[in-house]
Every structure is written in C-alpha cells, then in structure tokens.
Amino acid sequence: MLDHLRAENAYTAARTAHLEPLAQTLFEETKARIQETDVSLPARKGEWWYFSRTTAGAQYDAHCRVRDTGTRPEPKPGAVLEGEQVLLDGNLEAGGREFFELGGLEPNPAGSRIAFLFDERGDERYHLVVRDIASGEVFDDSVHGVGFGLVWSRDGQHIFYTRRDEAWRAHEVWRHTVGAAADTDVRVLAEPDELFNVGIDQSADERWLEIYTESRTTTEVRLLDLDDPTGQPWIVEPRTIGLDYGVEVDGDRILVVHNADRVDFDLAWAPLESPGRSNWQPVDLTTQEGDRLLGVSAFSTFAAVSMRHAGLATLRLLARNADGYTLGPQLAVEPDVYTLGLGANLEYEATSLRVVLESYVLPRSTYEVDVSTGEMTLLHRRDVPGYRPEQYREERLWVESRDGVQVPVSLVRRADIAPDGTHPGLIYGYGAYEISMDPYFSAARLSLLDRGVVFAVAHIRGGGELGRGWYDDGKLLAKPHTFHDFVDCSRALIDQGWVGPDRLAAEGGSAGGLLMGAALNEAPELYRVVHAAVPFVDALNTILRPELPLTVAEWEEWGNPLADPDVYACMRAYSPYENVRPVPYPTVLATTSLHDTRVFVGEPAKWVQALRDTVTSDPQTRPVLLKVEMDGGHGGASGRYDAWRQHAFENAVILDSISTTDRERISQ
C-alpha cells in the first residue's frame, strides 16, 4: 500500500511539474499578504495576560504571557516585553518531527505549571505533558494516546482527560494525579453505548468539570466539582432519546440550551442545586422562525448567546439579575455577509465582551463590546499587507433547487467582475453534520480573486445555516438533497452568467469530498476540475463496517444500511465509488493524508482507480490525480508554511484547469 501511495505521489508530481512556477508564485503571494512576524491581542486571565507570537520562517506559534500591571499590554512583533514568559514554543516542541499539532494548552490554577497535549502523527491521539513554567522542566509525561479535552482540578493536583477505544470513539473520562504513573489513573466515566461519545470542558467560573455524553441527537451532561476532584459526577438531566441540550454553569445557577420544545432550541436557566428539566425556566430571546440557538457563555453579570439569525452567525446579549435574565442591546454590524462570534474571553468576572467579526472581504477583527449599550470598539484588525478591500465585492444570492427550496449562495469577486458569462469560478460546498460554512477572510483566496475567479459557497441542506430543519432535510434518507442543491447552485452560476461554460471548479473536503464525488457522478459536464480533499467517497462500504472508526456513531447521520434496506438503497444510489459512470469527467485532484483516522487513505485511493478504470475523458487533458501527505492527518500538513504550500499547489491545479492566466489579474 505504501509503495502504491508513493507511486501515486510520483505520478502526480510528474503530471503537475509544469505548475511548479505557478504554485511557487501563489505561495509567495500568500506569504506576502500575511504578517509573518506577528503577535496576537492579549487576553487576561487572573494575574496574567496571554498571547501568542509568530516569527518569520517559523512554522508554529510561541505561546506567551506577561503579568498584569493594571493595563492591557501592547506587545509588538519581534520585541519581547519586560517579564514576558514563553509557555510553549511550538517550533521547539516540534523539533525534527515532520508533523506536530498542539491539542490543548492549560496553565494550572496557581499559574506555575502548564499541561499540554500534542500529536506527532496526525491521528489525533495525543501525548499529555506537564511542565514547570519557571524552569522549563518536564514534570510529568507518563500519559499517552489520549483524546481531546484537558481540565485541571482546582488544587492543581489532578488532570482530567478522555480516552478513545479501538473504533476511535471517545468513550471514557479519566483522572490523572500529576506526577504519578499513568497506571494509577482513575476512570471517572465509561460510556458503553457505541452511539455515544464523551467530551469534557470546564465551566466559565472554573468550578466545574462538564462531562458531555452525546450522540448526534441526544445529550446527557454531568457535573463534577473541581474542588472535590475525587468525588462523583452528578447528572443535570437524565438521557432522553431525542433531547439535545448543552449546559453552562453560571455561579449558583445553570444555563441550558435545549430542544425540548423547539426544533431550533430554546434557552432556560435553573438553580444549580436542582438543575433538572422540571425546573428549567425559559429565557425570552424574542427569536424568529429559523433562528437557531447554538450555545451560551456565562459571565458574572451577563451572558452571550451564540446563534444563527437569517442564516448568519451572530450573538445576543443578556443581563443577569436575581430573577433570571433579560434581553440586552443588539449588536450592530455593517457587512451584509458576515460571521460574528466570541473572541478570547477568559475571565468570568469580565465586565465587557470580546467578539470577532469577519467576512469574505473584511479581515478578522476583534472588538470590545460595552454590554450595557452594545457599543463595539475595534481593538485589533488582522494586518493584510497590500490589501485594498474596495477592489472586491461580496453578496448573497438565492438559488431555487429542483424541489423548489431556496438555497443561499455566498459570492465574492473582484469589483470589476460582471455576470457576462466568461469568468472562471470556484464553488465550495460541505453540507453535513449541521456544520455551517460561514464567511471568513482568506489571504490565499485573494490570489484566485485577483485572477478573475468568482468564488462561491453553496450553503446546501445538511449544513446548519438555516437551522436544525435545514440539517434534517439533508441527512439520512434526505441526504440526496445535499447533492442536488450543490449541482443546482453550480448550474445557476453558469446560467446567471457569473461563470463561463467549462470554467467552473468545485471543491470540498471530508463529507464535502463525498459531496464532490456525488456531484461528479450526477453532472460531470458542469465542472472543469474538482478538488476532493480527504474525501469520504467509499461511504457505503465504510458505514457497512461497524468495527471501523466512527461508523456506529455515524448511523444517526447517514442511517444504518445493515438494518434498513431503504438506507442501503439510498446510500447505494449516491455513494461515489459505486456510481462512477463511463462518460467524460473533469480533471480530478484527490488529496489525503496517510494517518487520517476520520477518512482512511484507502477511500480516495480506490476511488481514483475506479475513476481511471471507468471514465471516458482523455487522461492527458483531464487527468485523475491523487496526492498523499505522508506525514499528516485529516487536516493535512501541520506547519503554517507547509499548509500554505499545500494550498498553493491545489490552487495551481485549479487555476491551470479553468484556464486562468496572470493576464487576468487585477492591476496592482
């Protein structure tokens, strides 16, 4: 298998050798638009301000802090503050490793030690390390192969973490005594039901360990007092099939986001000593039809609700009082297409709120919000050297899918682009797990826009853009709606003149890679090139094998074809590997990683063979390519320069296929 993958890489390198100058140009353009030596906006927690630094030529961040002296420090790129401490430098930790990913970094309550998780393969199985901050000495590195999540006890003597089983399901919560051998660790919780995963978090007031046991449709939450780390966790509301809820502890009460009465969720609160559903008291958010509540963050005098309104991510403020919560001021934002979310808010006692605003043309911007008035003050905007926002336009279109449903499409382009039917285009899609493809700024995308590419995101069913119903209408037996929406949005871009015939590229990853395969099989004539990243293209065979990672938990997303013949028939009809047709296809680039646990490397590898064996297009002009990252996981390469080079290569293949030249670039 390894020999085969290396041969595929060699073949791809040979077939794309002529693109090396373009890929290098794209890499240099991306690098020139990013402040390579930079520093993040500090966030306060306790006696310290925390921030990170990047240095030109270095792949990873250095995580730093400085003691609070009463005012927010203003660190400068490349200049060390007086008293600045480096908690962890990812470049030193990575050493000579080809892959390094930080999975968590938490100082202990006393601020004298840090605990961190790191992955050196890409398989998302982490090593746990505890280090003394002052001396840099490793105090404890006995725990290995753990999952996501890292929480200290209040006395700093214990760390809670999760473990995965052979099927990569997070199924246990463990307590580790710092400095002790790993074989003395105590299992706090084990979840036997294969439909359910466990996860851990710390409450905003840092008093409670929150343990989530959840499937795709059902949640059960336990709380454990971090002042009594060897005690037993207790259940907020017992598991009821179909009841999905999340909890935030807020001092002497809890806040609950739940779907007990509304498909798009409500907000309630209850006393901490009696938090069950019978005591949930509603909080009026004056929601509208389709408003989806996502979560809540508590502070000592207010709360912030993350939600979706009119298809966009936004926030709503609440004032805390003795009788519950009252609606606070609305946050006003200028862009019509935007993402508004929480920034780094580390202090439960904070009297103001940090939020992050960005769009396709607005670089990531951090604001401080006066929670009494809603007034937003800009603290920091990511510097993009040479960027002129007036040269670009973003907007939202609506496309009617074949069953009459209106599907939103986000569009960003150069300001001088008009829908005259000549331009190259790239449409991106995902459409699964209620994950929304929200607007975000990308320095690499500017290289496409400057070359005249019209970039579109199809917010198709199966995602969460328009609420839980939008998700439900693109899963299980309704999954074909996801593929039909994407194909219909693709066709609309051509029909409306935004993209010229035979100049449309398509891109998607993971479940979006399944989308790419299904759209290819349905309408290969629409696309000139398709990039399928870590693609879930052997879906039926994978979901038929419950021993594989993730499969059983995925039955609530795709259905169980072992038990339901209708599900089997549905998946058999759309699974990309089984439905390749003997007709001309576009150029196909499949990218994957050897250590990807979510989508095994064998899926794109065998799909590529099926394409080559079946399609009738000329392999010299429309090749089928597979590129494998041999030291990476589901997210590809780990270092930032490696990631930029990876994106530059992918974009070079796309640009070459849709016949876009440097002559089409905007004048600088």
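Visitor: Which residues in helix 12 do L22, A23, Q24, L26, F27, T30 and K31 in helix 2 meet?
Guide: This is a predicted model. Seen from helix 2, the listed side of the contact runs from L22 to K31. Its partners in helix 12 are Y641, W644, R645, A648, F649, N651, A652 and L655.

Visitor: How do the residues of the contact of helix 2 with helix 12 divide by class?
Guide: Aromatic names such as F27 and W644 sit in this contact, and Phe and Trp count as nonpolar. K31 and R645 are there too, and Lys and Arg count as charged. The division is 10 nonpolar, 3 polar and 2 charged.

Visitor: What word describes helix 2 relative to helix 12?
Guide: The axes of helix 2 (residues 20–32) and helix 12 (residues 640–657) come within 8 Å. They cross at roughly 130 degrees. Roughly perpendicular covers 65 to 115 degrees and roughly antiparallel needs over 145. That makes helix 2, relative to helix 12, oblique.

Visitor: Is the crossing of helix 2 and helix 12 left-handed or right-handed?
Guide: The sense of turn is a separate question from the angle of roughly 130 degrees between helix 2 and helix 12. For this pair, the crossing is right-handed.

Visitor: How are helix 6 and helix 7 oriented to each other?
Guide: Helix 6 spans residues 480–495 and helix 7 spans residues 511–522. Their axes lie 9 Å apart, at an angle of about 65 degrees. The class that takes in 65 to 115 degrees applies. Helix 6 and helix 7 are therefore roughly perpendicular.

Visitor: Which residues of helix 7 make the contact with helix 6?
Guide: Helix 6 passes helix 7 in a right-handed crossing. From helix 6 come T482, F483, H484, F486 and V487. Together, the residues of both helices in this contact divide into 8 nonpolar, 2 polar and 1 charged. The helix 7 side consists of L514, L515, M516, A518, A519 and E522.

Visitor: At roughly what angle do the axes of helix 1 and helix 11 cross?
Guide: Helix 1 covers residues 2–15 and helix 11 covers residues 602–614. Their axes come within 12 Å. The crossing angle is roughly 55 degrees.

Visitor: Is the crossing of helix 1 and helix 11 left-handed or right-handed?
Guide: The angle makes helix 1 oblique to helix 11. H4, L5, E8 and Y11 of helix 1 touch A605, V608, Q609 and R612 of helix 11. These residues divide into 4 nonpolar, 2 polar and 2 charged. The crossing is left-handed.

Visitor: How much space lies in the largest cavity?
Guide: The count comes to 1 cavity of 30 Å³ or more. Its lining includes D165, W168, R169, E194 and P546. By class, that lining has 7 nonpolar, 1 polar and 3 charged residues. The space in the largest cavity is about 90 Å³.

Visitor: Which elements give two or more residues to the lining of the second largest pocket?
Guide: This pocket has a volume of about 450 Å³. Of its 22 lining residues, the closest to its centre are K45, G46, N108, P109 and E206. The lining divides into 10 nonpolar, 5 polar and 7 charged. The elements asked for are strand 3 (48–54), strand 6 (101–107) and strand 10 (151–152).

Technical notes: Residues are numbered from 1 along each chain as its sequence is written. This is a predicted model: local features need pLDDT of at least 70, side-chain atom pairs count only at pLDDT 80 or more; totals for chains, interfaces and linings use all residues. Side-chain values use heavy atoms; hydrogens and water are left out. Axes are lines fitted to C-alpha atoms, for helices over the stretch in contact, and angles run from 0 to 180 degrees between N-to-C directions. Helices (H or I, at least four residues) and strands (E, at least two) are DSSP runs, numbered from the N terminus. Angles under 35 degrees count as roughly parallel, over 145 as roughly antiparallel, 65 to 115 as roughly perpendicular and the rest as oblique. A crossing is left-handed if the near helix is turned anticlockwise from the far one by less than a right angle, and right-handed if clockwise. Contact means heavy atoms within 4.5 Å. On a 1 Å grid over the protein atoms alone, a cavity is a set of points where a 1.4 Å probe fits but cannot get out, and a pocket is an open set with protein on both sides within 12 Å along at least five of seven lines; lining residues have an atom within 4 Å of a point. Grid points are joined across faces, edges and corners, and a volume is the space filled by probe spheres set on the points.
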